[in-house]
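Got your viewer open? Here is a short tour, one selection at a time.

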Amino acid sequence: MIGSSVILSTLTVRNLNVYDHLISNGPCIQCVRWKRKPIWLPTAKSKIFRVPERPVIPIEDYCELKRLFNNYRTIMKSLMCFFVQKEEEKKNNLDFNIMKVNTEKDFEICSYVNSQWNEKIAMIRQKRLSQEKTHRKEEIQKKLKEKKERDLKMQEIIDANIKKMKNEATTFITPKNIDQAILNALENIIDHNIAIDRNGNFYKGEPKKNESSTTSN
């Protein structure tokens, strides 16, 4: 219990040299839960005189580790040289004349690519327009043919109606033949008292009176 109380007393904030600073900045205190012990505590008494054993590495492993380290060092040195070279190129490119030449080269390259793209698009557009033109001609020819057929049918119907009207025009009553039509109507009286039986026999004139009906009267 004594040892634990001593350890707790050493971990309190009052035993720290920055006590006044921590108290003045109380809201800024951040508590850290250490896994083993705080970093500011000294070495434990049980580990003061302990000498760690140096690991013994086999020769094969040592050679392999050395080879890997040499490769790593070579690669890192190459990267550093590459970065230095790129930085020098950037500095050289900052020259006005060099920048002007590079700009002109970029413009020429962009113009060449743009011209190729325009030619390609022009070919595609020309092909599409020719196809649309051909399709449009075929559609117009088809519509003209259909219209011609409709006109022929309409003309046939009109001719038939005109022929029918001409045939019926002979029976029309006009101011010139109205007197003759009246005389014909008076001379040729039409009797509508006509009947037909199931056998197709016609009966004209007034129907005969039933004898039973006459006797009853």
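One definition before you click: a salt bridge here is a side-chain nitrogen of Lys or Arg within 4 Å of a carboxyl oxygen of Asp or Glu. By that rule, the count for this structure is six salt bridges. Keep in mind that you are looking at a predicted model.

**Stop 1: the whole chain**

Switch to cartoon and colour by secondary structure. You should be able to pick out six helices and two strands. Trace the chain from its start and the order reads α-α-α-α-α-β-β-α. Now think about burial: of the 217 residues, 0% count as buried. That figure rests on a cut-off, since buried means under 20% relative accessible area.

**Stop 2: the cysteines**

Next, select C63 and C110. How many disulfides does the structure hold? Zero. While the two residues are highlighted, look at their surroundings: C63 is partly exposed at 45% relative accessibility, whereas C110 comes out as exposed, with 52%. The line between those two labels is drawn at 50%.

**Stop 3: a salt bridge in helix α3**

Select residues 59-93, which make up helix α3, and show the side chains of E64 and R67. They meet in a salt bridge, with N to O at 2.4 Å. Why can these two reach each other? They sit three residues apart in the helix, so about one helical turn separates them. In general, side chains of opposite charge can pair when their charged atoms come close. Both partners are partly exposed: E64 has a relative accessible area of 35%, and R67 has 41%.

**Stop 4: the greasy side of the view**

Stay with the surface display and select F69, Y72, I75, M76, L79, M80, F82 and F83. Together these residues form a nonpolar surface patch with about 820 Å² of accessible area. Zoom in on one of them, F83, which belongs to helix α3. F83 is partly exposed, at 47% relative accessible area.

**Stop 5: along helix α4**

Now select residues 96-169, which is helix α4. Start with E139 and K143, a salt bridge whose closest N and O atoms are 3.5 Å apart. The two are four residues apart in the helix, so the spacing is about one helical turn. E139 is partly exposed with a relative accessible area of 30%, and K143 is partly exposed too, at 48%.

Move along to K147 and D151. Which interaction do K147 and D151 form? A salt bridge, with the closest N and O atoms 3.1 Å apart. Here again the partners are four residues apart in helix α4, so they are separated by about one helical turn. Check exposure as before: K147 is partly exposed at 43%, and D151 is partly exposed at 40%. Before leaving the helix view, add R136 to your selection: salt bridges that share partners join R136, E139 and K143 into one network.

**Stop 6: a cluster of positive charge**

For the last stop, select R36, K37, K47 and R50. What do these four make on the surface? They form a positive patch. Centre the view on R36, which lies in the loop between α2 (residues 19-24) and α3. Is R36 buried or exposed? Exposed, with 70% relative accessibility.

To save a scene for later, keep the E64 and R67 pair in helix α3, the R136, E139 and K143 network, and the positive patch that includes R36.

How values were computed: Residues are numbered from 1 along each chain as its sequence is written. This is a predicted model: local features need pLDDT of at least 70, side-chain atom pairs count only at pLDDT 80 or more; totals for chains, interfaces and linings use all residues. Side-chain values use heavy atoms; hydrogens and water are left out. A disulfide is a pair of cysteine sulfur atoms within 2.5 Å. Buried means under 20% relative accessible area, exposed over 50%, partly exposed in between (1.4 Å probe, protein chains only). Patches are made of residues with over 30% relative accessible area and no salt bridge: like charges are joined within 9 Å, nonpolar side chains (Val, Leu, Ile, Met, Phe, Trp, Tyr) within 5 Å. Accessible areas come from the Shrake-Rupley method with a 1.4 Å probe; for residues, only the protein chains shown count as cover. Lys and Arg count as positive and Asp and Glu as negative; His and the chain ends are not counted. The place of a charge is taken as NZ of Lys, CZ of Arg, CG of Asp or CD of Glu.
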